[in-house]
Amino acid sequence: MKFAIQSKGDITSNDIKNQIMSYLLGFELTLDEEEPDIVISVGGDGTLLHAFHRYINRLEHTTFVGVHTGHLGFYADWTPDEVEKLVIHIAKTPFQVVEYPLLEVSIQLNDEDEERHYLALNECTVKSSEGSLVMDVTIKGDHFETFRGDGLCISTPTGSTAYNKALSGAIIHPSLASIQLAEMASINNRVYRTVGSPLVLPQHHTCMLKPVNDVNFDITIDHLSIIHKGVKSIHCRVAEEKVRFARYRPFPFWVRVRESFIGD
Ligand code: NAP
Ligand code: MN
């Protein structure tokens, strides 16, 4: 089996990376940063987002596992004390794979024929590059509302505990292939009206955002932020692709939610 290790880059994470590396090489696994079967991320959830985007072109062939060197993460759920146990699992046991849904974002620009496609593990956010965001929101082909406010956040189930949660979105179990549309400070008065609640959309229900006036947006895909000029439309849907995580022991989602947000 071929492995790669992505470290957050601090001293603790690098030490653990080196420790995992020497164990796995000792078990005669092969280090392959180009085409790994398993990617071990050492750091935080942010580190796993980086690892995901690094290997985004071979998601079918790659499984991820995360060790956290800071607080417990949603993707990084192994502790540094468990590293020995983890490497033995990786080297000796055939792992189970759990698949989580991803968000597909297709952006059409006025002066480009080809759409730009992105995959997000957490979310996509859309903000105006200047002033309020004004967008027509269409769901499954029907106009739903004209949104005015700071921005919109479209998240995956595993991303629902990240930015989406700060916007009072719901926490969604990752077995539900869905995306969630959450508002950022919508303007609501006698003239402007939005639904005001987060919406959870099932597979095949595309959410389309179309600019009303301004066509320049600050669009984020996970930790990446890209200014898009001359935007015609943005389509969001549950992606065909999935992300695969190696599972060696049960750690139920709701237990992770409790341990992360409520405490033991
Ligand atoms: P960051 O600013 O270092 O991360 C923000 C926090 O979100 C970190 O504590 C990170 O955990 C945590 N996080 C990331 N994914 C998560 C998940 N799926 N569930 C629960 N917590 C999660 O930036 P980053 O590390 O590059 O992460 C980018 C993410 O930050 C974005 O995808 C977005 O979700 C989030 N974000 C949140 C807000 C907000 O809550 N107001 C604003 C902007 C961005 P670690 O410390 O383990 O990395
Ligand atoms: Mn981070």
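Helix H2 (45–54) and helix H4 (163–166) are good places to start looking around ligand 1, since each supplies at least two residues of the shell around it. Please keep in mind as you browse that this is a predicted model.

**The surroundings of ligand 1**

Which helix gives the most to the shell around ligand 1? That is H2, with three residues. There are 16 residues around the ligand, and those that come nearest are Asp45, Gly46, Asn122, Glu123 and Thr161. Sorted by class, the shell holds six nonpolar, seven polar and three charged residues.

Some polar contacts of ligand 1 are set out here, with the atoms on each side.

| Residue | Atom of the residue | Atom of ligand 1 | Distance |
|---|---|---|---|
| His71 | side-chain N or O | oxygen | 3.0 Å |
| Thr158 | backbone N or O | nitrogen | 3.0 Å |
| Thr161 | side-chain N or O | nitrogen | 2.7 Å |

Taken on its own, ligand 1 has 820 Å² of accessible area, and the protein covers 62% of that. Thr161 is worth a second look: this residue belongs to the group that comes nearest to the ligand, and its side chain places an N or O atom 2.7 Å from a ligand nitrogen.

**Helix H1 against helix H3**

Now let us turn to a pair of helices. Two packed helices are described by the angle between their axes and the distance between the axes. For helix H1 (residues 11–26) and helix H3 (residues 83–92), the axes cross at roughly 35 degrees and come within 10 Å. The crossing of H1 past H3 is right-handed.

Which residues make the contact? From H1 come Ile16, Gln19, Ile20, Tyr23 and Leu24, while H3 brings Val83, Glu84, Val87 and Ile90. By class, this contact has seven nonpolar residues, along with one polar and one charged.

Methods. Residues numbered from 1 in each chain as written. Chains lettered and ligands numbered in written order. Predicted model: local features only at pLDDT ≥ 70, side-chain atom pairs only at ≥ 80, totals over all residues. Heavy atoms only, no water. Axes fitted to C-alpha atoms, helices over the stretch in contact; angles between N-to-C directions. Helix = DSSP H or I, 4+ residues; strand = E, 2+ residues; numbered from the N terminus. Left-handed = near helix turned anticlockwise from the far one by under 90°. Contact = heavy atoms within 4.5 Å. Nonpolar A, V, L, I, M, F, W, Y, C, P; charged D, E, K, R; others polar. Near = heavy atom within 4 Å. Polar contact = N/O pair within 3.5 Å; in protein donor to acceptor, adjacent residues only side chain to side chain. Areas by Shrake-Rupley, 256 points an atom, 1.4 Å probe, with all protein chains shown as cover.
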